[in-house]
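Here's a quick tour of one protein model, pitched at someone who likes to look at packing and pockets. Have the viewer open and follow along.

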Amino acid sequence: MKTVNWGIVGCGNVCERKSCPAMYKTPHSALAAVMRRDAEKAADFARRHNVPKSYTDAAALIADPEVDIVYVATPPGTHRELAVQALEAGKPVYVEKPMAMNHAECLEMIAAAEKAGQKLFVAYYRRALPYFLKVKELLDGGSVGQPLTAEVRLLRPERPEDRDPARLPWRLRREVGGEGYFHDLAPHTLDILDFLLGEIADARGCKSNLGGFYDVADTVTAAFCFRSGVTGTGTWCFVAPPQAVEDSVAITGRKGIIRFSTFTFSPIELTTAGGTERFRIDPPEHIQGPLIETIVRELRGEGVCPSTGVSAARTSRVMDEIMKE
């Protein structure tokens, strides 16, 4: 493709700053059309981002001959249906995370991509961010020696809307967003661990609803093991007190430990016998930009995107195992 022309299905808040601007700022990339069920909001989004077309029907956008690739940016409950529809129409797909509601849906999407001979990318954009590439560089360079363990902790307090059934966010409605904030946030960390340490071979977990504000889990703890033999643990709690807020990942090796965060981009800390080094690497203005650039390069035959349906499905499988009854 000389220029990769994007079409967005679901141009909501996620697109506003994280992804959409990168689609028209990246070289050899343009935003051709957007879709939202609310016609006024779709048209407003198109005006503000100088997009030539807006739709209220996903099928119409997918059928648009000027759209080369479809970005599915709707809640997870519709990912499988929309991605398969676009793939069957002969177009590559970039789908938001988590890839789908469960691993079985992911496999359906992968099969549809293979049958159509089309590319399937997933928005695990941390795989392309300089912050996490630095962590990978340190690990691959042997800075901590042989990796031994990985420990994840994400603790946040509930939000006012979490307490109000009338304003409950879609992420907390199981039929739309899956198993709450765990389903929304944990896959980012699990996927970047897959990127850094390899595939997670086995996982177990327990879940609870301790706050009682909504129906899905608000507290999850997991234990997992990588194919390499590295072991890991994770704790996610979304009803923690403000003084307990934490976003941390620690990878311990035989020669030291690397500490970093998933969401706050706190300075990476490398601690060895020689002391502690810190690396401050801020995220880009449009956080999905670097991954979108890799997609454009792959579609132009110039590179490879590090986040595919196959890699993303591994993360969905791990989440299924953790949340298994």
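What covers the buried residues of H6? The cover includes helix H8 (180–197) along with four strands: S11 (246–253), S12 (256–260), S13 (268–272) and S14 (275–279). Keep in mind that this is a predicted model. The rest is grouped by topic below.

**Helix H6**
- H6 runs over residues 130–140, and its buried residues are Tyr131, Phe132, Lys134, Val135, Leu138 and Leu139.
- Look down the axis of H6 and those buried residues fall within an arc of 150 degrees, so they line one face of the helix.
- As background, an α-helix has 3.6 residues a turn, so residues three or four places apart point the same way.
- Just after H6 comes Gly142, which has a positive phi of about 80 degrees.

**Helix H4**
- In H4, the buried set is His79, Leu82, Ala83, Val84, Ala86 and Leu87.
- Two helices, H3 and H5 (103–116), pack against these buried residues, as do strands S1 (4–9), S4 (69–72) and S5 (93–95).
- Gly90, just after H4, takes a positive phi of about 85 degrees.

**The largest pocket**
- This pocket has a volume of about 1,300 Å³.
- Its lining is made up of 49 residues, and the ones nearest the centre are Ala73, Thr74, Pro75, Trp170 and Arg171.
- Five helices each supply at least two lining residues: H1 (13–25), H3 (58–63), H4 (79–88), H7 (174–177) and H8.
- Split by class, the lining of the largest pocket has 22 nonpolar, 17 charged and ten polar residues.

**The second largest pocket**
- Here the volume is about 170 Å³.
- The lining consists of Met101, Arg174, Gly178, Glu179, Phe182, His183, Lys207, Met319, Asp320, Met323 and Lys324.
- H8 and helix H10 (309–323) are the elements that give two or more residues to this lining.
- H10 gives the most, with three residues.
- In the lining of the second largest pocket, five residues are charged, four are nonpolar and two are polar.

**Ser19 in helix H1**
- Ser19 sits in helix H1.
- Is Ser19 buried or exposed? Ser19 has a relative accessible area of 0%, so it counts as buried.
- Leaving aside residues up to four places away in sequence, Ser19 touches Val14, Tyr71, Gln288 and Ile292.

**Cysteines**
- How many disulfides does the count come to? The count is zero.
- Cys15 is in no disulfide, and the nearest cysteine sulfur, that of Cys11, is 6.4 Å away.
- Cys15 counts as buried because its relative accessibility is 1%.
- Cys206 is in no disulfide either, with the nearest cysteine sulfur, that of Cys237, 12 Å away.
- For the pairing to count, the two sulfur atoms would have to be within 2.5 Å.
- Cys206 has a relative accessible area of 48%, so it is classed as partly exposed.

Technical notes. Residues are numbered from 1 along each chain as its sequence is written. This is a predicted model: local features need pLDDT of at least 70, side-chain atom pairs count only at pLDDT 80 or more; totals for chains, interfaces and linings use all residues. Side-chain values use heavy atoms; hydrogens and water are left out. Buried means under 20% relative accessible area, exposed over 50%, partly exposed in between (1.4 Å probe, protein chains only). The arc is that of the directions from the helix axis to the C-beta atoms. Contact means heavy atoms within 4.5 Å. On a 1 Å grid over the protein atoms alone, a cavity is a set of points where a 1.4 Å probe fits but cannot get out, and a pocket is an open set with protein on both sides within 12 Å along at least five of seven lines; lining residues have an atom within 4 Å of a point. Grid points are joined across faces, edges and corners, and a volume is the space filled by probe spheres set on the points. Ala, Val, Leu, Ile, Met, Phe, Trp, Tyr, Cys and Pro count as nonpolar, Asp, Glu, Lys and Arg as charged, and the others, Gly among them, as polar.
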